[in-house]
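Please open the structure in your viewer and keep the selection tool at hand. The tour below proceeds stop by stop, with a selection to make at each one.

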Amino acid sequence: MNKKSIITIMFALIALAGQAQTKKTATIKGYSPTLKDSTVAECLIDMVRVASDTVKAGHFSMTVPVEKLTNSYLYLEGEGCPNYLMTLYLAPDATVNLTGADCLYPTWKVDSPLPEQATANRITEHLHDAMIEFLLLDLANVPWERQDSIYTIMMKQQLDILPSLPPDMATIDALEDVANYARNTSGYPYSEQLRAVERECAARFPKEYEDKLAYIHLLVYPPHILQPGDEAVDTDFFDMQGKTHHLADLHGQYVLLDFWSLGCGPCRMAEPEMRWVHGLMQGQLEIVGINQDKPSTWQENEWSQKLVWQNWSDGKMGKGGINSQYCDNSAVPYYVLLSPDQRVVWKFAGYAPGMFLGMAAAINGPKQDNSANLSFAVRQVEVNDKGTSVSFRFYGRNDAWFRIASSSYLLANGKKYKVTGVGGITLDTEIYPNLKATAVNDGILSTLHFTDFTLTFEPFDTMPTTFDYKEGDGEGAFVIRNIKL
């Protein structure tokens, strides 16, 4: 599984799914003398926590509801444990025992009666040395670029062993992991080998895997993914009650597509700010949540039922559905803003506090593309022969500073126009947003603040139709593009 995609799951505070109880269960037991008593063991199915236990004297045990052979994930949260989801296969009445001498649980010995787990164990053994290196880099908080180089090696080793594995669930899941990683990695170096392995698996796997193979084929040969300016595509969606909906029904206002899942911590973190903006922009903006979970899990979940905007699913669980046409990767949350005439305005993966307030400010201000930093928007532009005055607003947490450089400029007609004046802030200094953005006094909404300021630039030689604002040419500089006069 792509680490970039799974990171959003690692620290999620997820309530147990409110599903009907089943009499069929599997058992997961684990032991390592190095595990701290405060460590929490969790089992996730369809990215929703279904069982947990707190380690005592190095031991943990979980009873997991399962109706059939199931792909699950084990996650240990505690001192010395890496951020990694370990694949375990479960079935009714099966007991899976894990033992290790350290906290690197993805490399532990796994005893199981299931042949699919034996296949998964073969993969782990083949990747063992590279996996150890990868997990240690994670524990050392080494930058992702270094970790990614080792993860690429792991994916290559997984490709190497796949043709020798039996045609079972563990093998097809491993192929999906590699294909998903390749789709999310620009310039993936082993694409030809992946295509060859995908063809080989398609030829030898039984008919019961044809849907999974079709999805993997979509990952290996992805369709055109919509980019800003492209016309929106539609499909049949259904809501919590099963009623059918279409994006075309929302024509005439901005539409924010929110690709999310129940197991995504940032998805939940973003909800209060999205709810606030949804209330502020009634008639201007509609939000459409597109859930990526198993439909029954999504429909029966208490948190999901409380969402105040359009809450839909295409039933594909993020695998080959509408997200394959909008999303450049499989990370959640993933946001896509559509214009009132249903064209893609911008796309963004992840959540940063203040970004939806900044999006609203941009929608209500001059036409602009602030997708490089959604928390930062132009509110007004005044142009005369003495200079160009641009009013900005920056949203963010009151404990997180931003800085505007004196090297800022406007770019128009192929020329740079330098800053000649400033109001409301001091350039080249750390600025903490100081005005409350909401009336809420608790939770994340209480931390959201904003700062207004104005920059004046040299006058335009020739009046442009649009211009860009750039905070200098340094890495990480703020950019707002295509500001329309």
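**Stop 1: an antiparallel sheet**

Select Glu42 together with Tyr75, its bridge partner in E5. The model is a predicted one, in which local features need pLDDT of at least 70, side-chain atom pairs count only at pLDDT 80 or more, and totals for chains, interfaces and linings use all residues. Residues are numbered from 1 along each chain as its sequence is written, and side-chain values use heavy atoms, with hydrogens and water left out.

Now extend the selection to strand E2 (residues 40-45) and strand E5 (residues 70-77), which run antiparallel and are joined by 5 bridges. Helices (H or I, at least four residues) and strands (E, at least two) are DSSP runs, numbered from the N terminus. Two strands pair if DSSP finds at least two bridges between them. Strands of a sheet pair through backbone hydrogen bonds, either parallel or antiparallel.

Which strands make up the open sheet with antiparallel pairing? There are 4, in the order E3-E2-E5-E6. Strand E3 (48-54) and strand E6 (86-90) stand at its edges with a single partner strand each, so one side of each has no neighbour in the sheet. On average, neighbouring strands of this sheet are turned by 30° against each other, direction ignored. Axes are lines fitted to C-alpha atoms, for helices over the stretch in contact, and angles run from 0 to 180 degrees between N-to-C directions.

**Stop 2: strand E7 and its partners**

Select strand E7 (residues 95-99), where the side chains alternate. Val96 and Leu98 point to one face and are buried, while Thr95, Asn97 and Thr99 point to the other and are not. Buried means under 20% relative accessible area, exposed over 50%, and partly exposed in between (1.4 Å probe, protein chains only).

Add strand E1 (residues 25-31), which runs parallel to E7 and is joined to it by 5 bridges. Tyr31 has Thr99 as its bridge partner in E7. Next add strand E8 (residues 109-111), which pairs with E7 in the antiparallel sense over 3 bridges. Here the partner of Thr99 is Lys109 in E8.

**Stop 3: a mixed sheet with helices packed on it**

Move on to the open sheet of 5 strands in the order E13-E12-E11-E14-E15, where the pairing is mixed. Its edge strands are E13 (310-312) and E15 (344-349), each pairing on one side only. The twist from one strand to the next averages 20°.

Select strand E11 (residues 254-260) and strand E12 (residues 285-291): they run parallel, and 7 bridges join them. Trp260 has Asn291 of E12 as its bridge partner.

Now show helix H7 (residues 265-280), which packs on the sheet and touches E11, E12 and strand E14 (334-338). The direction of H7 makes about 155° with that of E12. Helix H11 (residues 355-364) also packs on the sheet, touching E11, E12, E14 and E15, and its direction makes about 10° with that of E14. Contact means heavy atoms within 4.5 Å.

Return to E11 and find Leu257, which stands opposite Val288 in E12. Of the 7 residues of E11, 6 are buried, so the strand is largely enclosed by the rest of the structure.

**Stop 4: the cysteines**

How many disulfides are there? The count comes to 1, a disulfide being a pair of cysteine sulfur atoms within 2.5 Å. Select Cys264 and Cys267, whose sulfur atoms are 2.4 Å apart. The torsion about their S-S bond is about 85°, so this disulfide is right-handed. Both Cys264 and Cys267 are buried.

For contrast, select Cys43, which is in no disulfide; the nearest cysteine sulfur, that of Cys81, is 16 Å away. Cys43 counts as buried because its relative accessibility is 0%.

**Stop 5: aromatic rings**

The whole structure holds 29 aromatic pairs. One of them is Phe205 and Tyr209, an edge-to-face pair at 5.4 Å centre to centre with 85° between the planes. Rings of Phe, Tyr and Trp (its six-membered ring) pair if their centres lie within 6.5 Å; planes under 30 degrees apart count as stacked, over 60 as edge-to-face and the rest as tilted. Phe205 and Tyr209 are both buried.

Finally, select Arg268 and Trp303: Arg268 lies over the face of Trp303, at 4.7 Å from the ring centre. Lys156 lies over the face of Tyr190, at 5.5 Å from the ring centre. A charge sits over a ring if NZ of Lys or CZ of Arg is within 6 Å of the ring centre and within 35 degrees of the ring normal.
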